[in-house]
Amino acid sequence: MEKLTLTIRHVLERKSFQGARLIAGHEGLDREVKWSHVLEVQDLDSLINGGELILTTGVGLQLDLMTQFHYVKKLIDRQVSCLCIEIGPYFEEIPEEIIKLADFHAFPIIIFEKKVRFVDITQDLHTYIINQHHQMLSQLDTMSRKFNSLSLTHNGILKILQELNHFFKQSAIFITEKPKLYYYPSESKVWETQIRLLLEQSSGHYAEPNSLVVGGQSFAILPIEGLGQVLGHLCLQRSQTVPEDFAFLILDRAALAIAQILLRDRTIEERKQNNEDDFVRNLINGRPVDDEDLQTFVPVPSKNMYYRIFHIQLAISEKNLHPSDWEEIKLQRLMSIRTLLKRCGFFPALSCSKNSITAIACFLADNRVKEEKSRSLQAIEQIREMNGSNYIDGQLCQFGISSVYQAFSQANKAYAEALKVEEMCQKGVAESPFYEDLGLYKILLEIKDPDFLRTYADSYLAPIFEYDNKMDSNLFETLAVYLESNGSKKDTAERLFIVRQTLYHRLEKLEMILGADFMAPANRLALESAVKAYRILL
């Protein structure tokens, strides 16, 4: 690969710098020059971006040492690449203090002891830099086409890493959550474990293009994304001869090709799961399933293997779709949810309809922590973050999660639980997506006769409804919140956004209607169950 970075070392080799002399900052010869700029003023903050080669005669500077010192220090702080000074009436010589400052910061200072035409220097350097950028774009296009071509070949990921190594002459590594390793050349394997550990400890720090240092070696890191998730990280050992921006552009093209390979492989895997949908539907509806399917789609039963059933109600039912369009949408949804659940520690078997997704989410856990909910909540949170790019709008989804089971013969019972809690969440009755958090609702939901529930609720609440209708008041809401707040007047008033005096007045009315002992344990339980029965009927 030809040199793509213009450094101070290269600048000194150019014809326009034949009469120049480097007097300070000899250790900074590899600084990159991004542009050249003639600067004759002290107020430079708005004129400097960093990476410039500055040309000056000193005409705009005061001649005292302190001004010159602060001027050079400001250039160093603004990440200027180099300062070129024409020796003359404004800078007759470079003070020793400035030379020491430049040496300390490896900041090159070049002097012209004879008059030079700054216009010739800037024209020469700018022409080189522009040609260099054109060369980069040409190479970027060439590499992009190579990557796309390699993505269609067998073992394409390794071949893309080989191409990166051939171009940059540096180690290239691709790291995923799976144990399979991709790296080139073979000695690059030594970096893989350390980089993987840093990525695992980063808490999302490398979800954007970034750099990290491992064993004294700098690596450019680029996340590879697909299905709205990070599928892996592409790592390239950094080279001082290649501009950072250009290196990340090449990596971006390589990452896109690798993402296409990964998504194509997952699509093929997903298409092989055609029988999985029927298997899940048979299992959750209590129909018999083949032992062969059981071994294929769910983990082998063991004493530490459990499962929950997730029911995800989608906001939009895909109607009037061409069968081929629906198959593509279904495939994208299944790949997204499967990848997400696996990342959260589940072994999922999935079924997808046009308005819902059902997952038998198996997981390993010790008996003492099998009821632990964090991994399920993590999965829900990640689904909520989906923005429709995978045909799932997570913010509009409703969730129902069953209790923990071990025997697959109880899958139909688990599925019924998931449906019930999802329905309660959709009505706004329940806040938690877990069936075990439904409390008294679990009993009431088992009562199949709605007329019985209505009669039961009315037997306790009818006088309150009559009073609310007649007086246009809110006694029912007050009662419900008062019961949920365990009789705390302070919490009830805050939740209802009313003053205490108003609450006391309403409670007096409730005592008149229900009796002064309506908060006695037996009466309170009856009222709570009546309120919940009424909410189920809404």
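Me: How many residues does helix α12 have, and what span should they cover at 1.5 Å a residue?
Reply: Helix α12 (residues 411–427) has 17 residues, which at 1.5 Å a residue should span 24 Å, and its end C-alpha atoms are indeed 24 Å apart, so the two values agree. The expected span is taken as 1.5 Å times one less than the number of residues, and helices here are DSSP runs of H or I with at least four residues, while strands are runs of E with at least two, numbered from the N terminus. This is a predicted model, in which local features need pLDDT of at least 70 and side-chain atom pairs count only at pLDDT 80 or more, whereas totals for chains, interfaces and linings use all residues. Residues are numbered from 1 along each chain as its sequence is written, and side-chain values use heavy atoms, with hydrogens and water left out.

Me: Ok, and which residues of α12 are buried?
Reply: The buried ones are A411, A414, Y415, E417, A418, K420, V421, E422, M424 and C425, where buried means under 20% relative accessible area, exposed means over 50%, and partly exposed lies in between (1.4 Å probe, protein chains only). Just after the helix comes G428, which takes a positive phi of about 85 degrees.

Me: Switching to α2, what do its buried residues pack against?
Reply: They pack against β3 (52–56), β4 (82–86) and α3 (96–104), with contact meaning heavy atoms within 4.5 Å. The buried residues in question are T67, Q68, Y71, V72, L75 and I76.

Me: How do α2 and α3 lie relative to each other, parallel or perpendicular?
Reply: Their axes come within 10 Å and cross at roughly 15 degrees, and α2 and α3 are therefore roughly parallel to each other. The axes are lines fitted to C-alpha atoms, for helices over the stretch in contact, and the angles run from 0 to 180 degrees between N-to-C directions; under 35 degrees counts as roughly parallel, over 145 as roughly antiparallel, 65 to 115 as roughly perpendicular, and the rest as oblique.

Me: Which residues make that contact?
Reply: From α2 there are L65, Q68, F69, V72, K73 and I76, and from α3 there are E97, I98 and L101. By class, the residues of this contact divide into six nonpolar, one polar and two charged, counting Ala, Val, Leu, Ile, Met, Phe, Trp, Tyr, Cys and Pro as nonpolar, Asp, Glu, Lys and Arg as charged, and the others, Gly among them, as polar.

Me: What about α14 and α15, at what angle do they pack?
Reply: Helix α14 (residues 450–471) and helix α15 (residues 475–484) pack at about 135 degrees, with their axes 8 Å apart, and that angle makes α14 oblique to α15. The contact is made by L461, I464, F465, Y467 and D468 of α14 together with L475, F476 and L479 of α15.

Me: Which residue after α2 has a positive phi?
Reply: That is Q79, which has a positive phi of about 65 degrees although it is not a glycine, and which is placed in the loop between α2 and β4. With a relative accessible area of 57%, Q79 is exposed.

Me: And where is N486?
Reply: N486 is in the loop between α15 and α16 (489–496), and it has a positive phi of about 55 degrees although it is not a glycine. At 58% relative accessibility, N486 counts as exposed.

Me: Last one, which residues does the cis peptide bond join?
Reply: The cis peptide bond joins Y184 and P185, with omega about 0 degrees, and P185 is in the loop between β7 (182–184) and α6 (189–201).
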